[in-house]
Amino acid sequence: MTTPDDILRVRDLSTRFFTQEGQINAVSELDVRIERGEVFGIVGESGSGKSVTARSIMDLVESPGRITDGEIWFDDAELADAVGDDYPDAVDGTLVNLLELPERVRDSLRGTAFSMIFQDPESSFNPTLTVGEQLAEAVEVQRRASANPRSTRARTREYSLASYALSTVLPSRKYVTPESRERAIELLELVGIPDPVKRADEYPHEYSGGMLQRAMIAQALAGEPDVLIADEPTTALDVTIQAQILDLLDDLQAETGMTILLITHNLGVIARMCDRVGVMYAGEIVERGTLADVFDDHVHPYTEGLLGSIPDLEGARGRLEPIPGNVPSLLDEEMADRCRFADRCPKAMEDCLEHPPEYPAAGSDHHEARCVLAETTYDETRALSEDHFGETERPAADKHAGPEEPDEEPPEEQSHPPTETTGGEHQ
Amino acid sequence: MSVGDPLVRVDDLRKYFWEHDSLLDRLFGDEPVPVRAVDGVSFEIYEGETLGLVGESGCGKSTAGETMVRLQEPTDGRVEFDGEPVFALEGEALDAFRRAVQIVFQDPFSSLDPRMTVGDTVREPLDVHGVGTERERRDRVRDLLERVGLSADQFDRYPHEFSGGQRQRIGIARALAVEPEFVVLDEPTSALDVSVQAQVLNLLDDLQDEFDLTYLLISHDLSVIRHVCDRVAVMYLGEIVEIGPVDELFGAPKHPYTRALLESVPRASTDERERDRETLAGDVPSPRDPPSGCRFRTRCPMVIPPEGLDIERETYRELMTLRERIERRDVSLETVDTDEQFDIDDGASDEDVPAATAALKDRLLESELPPRHEAVVDEALAELTAGNWAAAADRLRAEYESVCEREAPGLGDGSHPVACHLHGAAAERTDGPSSWT
């Protein structure tokens, strides 16, 4: 299992949100292995937990959410050396378990080791600062962080009340040294912004959506990260601009050899960019493998449903074959210990009432599916009757399943609508 | 299908929004600036068909849809519905028109009143138009809810209890309540996940057959358009650039913009990475000041060089982009001197000109030019380094002015018209498109 060129290994990651309605298992026991220099894609619908996975790796999960379990191993010999003495538990060879490290060390990794680009460039920039200043700030922060590795103390001391008061009047000017400005302009040029010197002095509202997304990529590259996490990087953009941004990411990846974790709901973007892909459903990866495994030799009926839902651009007007029902609620008390797709699955069998592990599937060595169909063939005699899960689209009526997952919090009694569109993706 | 007259005929429809049009602006004497959202759009929709209106954000497709059903006041133009001029309708005739035409909106979250139950929401159009008795309306709403795939028990629930896909079904039920003939679907599935989108598209298809509906589907998603529509109109910057039967338009797109749009869509298949594609450079220009002539010319890879000019397609495109930037004065001169060798803010001194020109050319152009064009560009850039923008622009225009900027191509007639000089009269004068593909 351990291959030396894994840059990131996520094991058993669970991220939960503790809300008034109860505990929401956004990500449950997720395993991901990302190889150095590859583009790994995570595809899924809204509410499948793909963005939360990205944020968990970046340590950007906000309250009421919390990483409740798991390990995130990051391969970095230098980091392992630096923290080995203070946190021996967190280090295994050159691997470092990020979740064992204290906040300030993880802080210092953001930007230099991991960097993220977000979906909506318009709301991700500060409208009151020029793009150049914001890039220079990122450059400067990275520069100071690398001058004083693994410690952010110098920066925190500097950030006193007085500097806070000052910062409200004179935003980030103190970060803009001539060198960082020059680097900011270089970065803008790198991401293909014409006339970067002039553009650096413009405000975000003077940029178009596609240009801002380029600027955000430039900002993410400021610290020369090992892993770039792109969360729906093109969802807010038009197709022609999307094509430009994907080309740019492709070129940058080829140039710098960085690793990209690409999160998207668009299977076309996955096909365009990725080496390997994981399909997420209800907080877990249900099928993973190379592009060929997932697009051509898929096993899981959910993958098939996703592919069958896309209208074909090349013609062949038939009826679409959508997946019936809605994305399930991830409320802990409503999640039964069975295959999470069983209530929407056209091939649900009695075996599916037990939560399936990931089975190796035909195709490449990477191909795994969380579905009994990887092991057995579909047997109609053992199929679940159509009303097995009741009339409602929610699995709440399911009384046949095994005991609930062990849980510290008593679930609150409250009905919850099927969560389908959490506003994650628009257009 | 084109038997008889079209159900909807849109003729030269225009909708401008005005900026700087407030009282204060007038006091200060600011000229109002038109934003040409829809600028002379004409098309016809025949009974029982689905016409797709596709384009990128800001191209005016939604405004066109809203204006033609009188949700927006038109600036100019004419729309006929069933032979009647829509913008002249009043009183009962207008009520009848509003029953016959309905619209389904994009956002299922903001288009439903959160304080009305689903039953009330779907019943409201029936109340407004005074259809049937109280009891009949109630029964009809229950029928409709079941028809769109919800359950009649959900009559008393509120919108927040439904998922996005279910809400869109409610919006569809509301639109169908008054038995319309023609429904405008404004991005009906773009807020939905693919699996739910597929359900809603199938539903719309079934309803069309069942109630003999005519659709105008507005969408930015080409695969949805391809799947649902019979004919497609492609919009760019307020104008229609191409209309045609769906298979013809997708199989053999004529307009370079249509072609670029189709090539830009990433396919969900394993050979996507190897697929040849040519992506468009640049952004959509502002509708406040659209380019002269063909509006796509600033991004068009096929922009037509003047007659007799021997030049590669890519080179010509690059030169045209350079011209565009010089004409918009979108080149910063002070940055030429990265090593602070020259001071050209106030015009370079004579001995610096060649060096400054070379530096500028290096920055603005990617490829090597053939000698003849290099000379022209050098002359123009020399003017530029001296601060003479107009002279630089003139020098380039004299050499490279294209038919695409002089004349706006018209959308011709026939079943698959296209507004592009490559396919018009100009095509005969140049090599024509066939040698360029």
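Helices (H or I, at least four residues) and strands (E, at least two) are taken as DSSP runs and numbered from the N terminus. The exercises below apply to a predicted model.

**Exercise 1. Describe the overall build of chain B: how many helices and strands are there, and which domains are assigned?**

Solution.
Step 1. Counting the runs in chain B gives 16 helices and 10 strands.
Step 2. The domain assignment divides out domain 1 (6–19 + 32–229) and domain 2 (313–401) of chain B. Taken over C-alpha atoms, the centres of these two domains of chain B are separated by 51 Å.
Step 3. The C-alpha trace of chain B spans about 90 × 55 × 45 Å along its principal axes.
Step 4. Chain B has 437 residues, of which 54% count as buried. Considering contacts in chain B between residues at least 6 apart in sequence, 67% join residues at least 24 apart.

**Exercise 2. Characterise the interface of chain A and chain B: how many residues does each chain give to the contact, and which elements of chain A take part?**

Solution.
Step 1. Chain A gives 55 residues to the contact and chain B gives 59 residues.
Step 2. Between them the two chains bury about 4,800 Å², and 50% of this area is on carbon and sulfur atoms.
Step 3. Across the interface of chain A and chain B there are 4 salt bridges. One salt bridge joins the side chains of A:Asp195 and B:Arg325, at 3.6 Å from N to O. This distance satisfies the cut-off, which is within 4 Å.
Step 4. Polar contacts across the interface of chain A and chain B involve 19 residue pairs, with both residues at pLDDT 80 or more.
Step 5. On the side of chain A that touches chain B, the elements giving two or more residues are helix 9 (196–199), helix 11 (239–256), helix 12 (267–273), helix 13 (291–295) and helix 14 (301–309) of chain A. Helix 11 of chain A supplies the largest share of that side, 8 residues.
Step 6. By residue class, the side of chain A that touches chain B divides into 24 nonpolar, 14 polar and 17 charged residues.

**Exercise 3. Which parts of chain A does the salt bridge between A:Arg272 and A:Asp247 tie together, and is A:Arg272 buried or exposed?**

Solution.
Step 1. The side chains of A:Arg272 and A:Asp247 meet at 2.2 Å, N to O.
Step 2. Because A:Arg272 lies in helix 12 of chain A and A:Asp247 in helix 11 of chain A, the pair ties together parts 25 residues apart in sequence.
Step 3. A:Arg272 has a relative accessible area of 4% and is buried. A:Asp247, with 21%, is partly exposed.

**Exercise 4. Examine salt bridges in chain B: where do B:Asp378 and B:Lys361 lie, and how many residues apart are B:Arg395 and B:Glu399?**

Solution.
Step 1. B:Asp378 and B:Lys361 form a salt bridge through their side chains (3.0 Å, N to O). The pair links distant parts of the chain, with B:Asp378 in helix 13 (residues 371–385) and B:Lys361 in helix 12 (residues 353–364) of chain B, 17 residues apart.
Step 2. B:Asp378 is partly exposed, at 29% relative accessible area, whereas B:Lys361 counts as buried at 18%.
Step 3. B:Arg395 also forms a salt bridge, with B:Glu399, and their closest N and O atoms are 3.7 Å apart. Both residues lie in helix 14 (residues 389–400) of chain B, 4 residues apart, so about one helical turn separates them. B:Arg395 counts as partly exposed, at 24% relative accessibility.
Step 4. A network of salt bridges links B:Asp12, B:Arg14, B:Arg36, B:Asp39, B:Glu239 and B:Arg295. Over all chains, the count comes to 59 salt bridges.

Notes: Residues numbered from 1 in each chain as written. Chains lettered and ligands numbered in written order. Predicted model: local features only at pLDDT ≥ 70, side-chain atom pairs only at ≥ 80, totals over all residues. Heavy atoms only, no water. Contact = heavy atoms within 4.5 Å. Buried area = accessible area lost by both parts, 1.4 Å probe. Polar contact = N/O pair within 3.5 Å; in protein donor to acceptor, adjacent residues only side chain to side chain. Nonpolar A, V, L, I, M, F, W, Y, C, P; charged D, E, K, R; others polar. Domains from an automatic or database assignment. Buried < 20%, exposed > 50% of the residue type's maximum accessible area, 1.4 Å probe, protein only.
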